[in-house]
Amino acid sequence: MNLTYGGGTVRACWFSATGTTKAVVKRIAAALADGLGAPLETFDFTLPQARIAPPVFQSGDVAVVGLPVYAGRLPNVLLPYLNTWEGHSAAAIPVVLFGNRNFDDALMELRELLESHHFHTFAAAAFVGEHAFSTTLAAGRPDEEDLQEAAAFGQRAARALQTGAHSPVEVPGRLPIGPYYQPRDRAGYHIDIRKVKPKVGPTCNRCGQCAALCPMGSIDPADVTQYTGICIKCGACIKGCPQKARYYDDPGYLYHKEELELGYPGRAEIVCLL
């Protein structure tokens, strides 16, 4: 189908444990709103209290929806919440952010999810952000070059909506959606890090910042060495700790982190689609 801008609000929506997805989505949405002369609203659903109810969309709105890529897919813990959203025929731009390896089927998965809830996807993008496990893998990304490209993409998306855009957008990936990426050692054996959680070192001063940042609400604020729920290894508690007191010591996790850093040292390319 062909879409044109319906006069509604541009709504920037993101899950962003370490701020990288947020930075990209905000830059795209701001340029899009400016190009359309449209009002801009933001919806951050990173923390549990924001995921009590879905955002409200109307026909004529344009949604820029961003999520990180975990193991080549969308974070599965978010799918029940995302499946409560209803687009009401709003236009949408699915955006995923990957940590330099690959986004695999995540962009396709997000496009399909939005389309199934009556959004009309007319553009899509996969950007690169510093990996949740690392400070050297895609270090500092999205950087200013990335953010300039995000703004340029938002401007192109605005022009497309003004002149008529095709929906759904064609994206790389496969249907049905493939399995989650499984890390393996050099002998081909699966490394299972699903239940691994960070440890707390002696420099911790119990400030509680890690508990406040945890997108699953899984760190006990009364005793930050204890977990009350799952860990999705998003990096929020480690990268956000003022004392740098949280760390991993699991051999499988550390092996996988090193393999990623060794295997993907270059500058991965952004993909923007209209």
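This is a short dialogue on reading polar contacts and salt bridges in a predicted model.

Colleague: What should I keep in mind about the model?

Modeller: Local features need pLDDT of at least 70 and side-chain atom pairs count only at pLDDT 80 or more, while totals for chains, interfaces and linings use all residues. Residues are numbered from 1 along each chain as its sequence is written, and side-chain values use heavy atoms, with hydrogens and water left out.

Colleague: Is S16 buried or exposed?

Modeller: Buried means under 20% relative accessible area, exposed over 50%, and partly exposed in between (1.4 Å probe, protein chains only). S16 is buried, at 9%.

Colleague: Which backbone nitrogen does the side chain of S16 reach at 3.0 Å?

Modeller: A polar contact pairs N or O atoms within 3.5 Å; within protein, one must be able to donate a hydrogen and the other to accept it, and residues adjacent in sequence count only if both atoms are side-chain atoms. For S16 that partner is K22; the backbone nitrogen of G19 also lies 3.2 Å from a polar atom of the S16 side chain.

Colleague: And how many salt bridges are there?

Modeller: A salt bridge puts a side-chain nitrogen of Lys or Arg within 4 Å of a carboxyl oxygen of Asp or Glu. The count is 17. In one of them, E144 pairs with R27, with the closest N and O atoms 3.7 Å apart. E144 is partly exposed at 44%, as is R27 at 29%.

Colleague: Which residues form a network of salt bridges?

Modeller: R141, D143, E145, D146 and R267 are linked that way. Within it, R267 and E145 meet at 3.7 Å, N to O.
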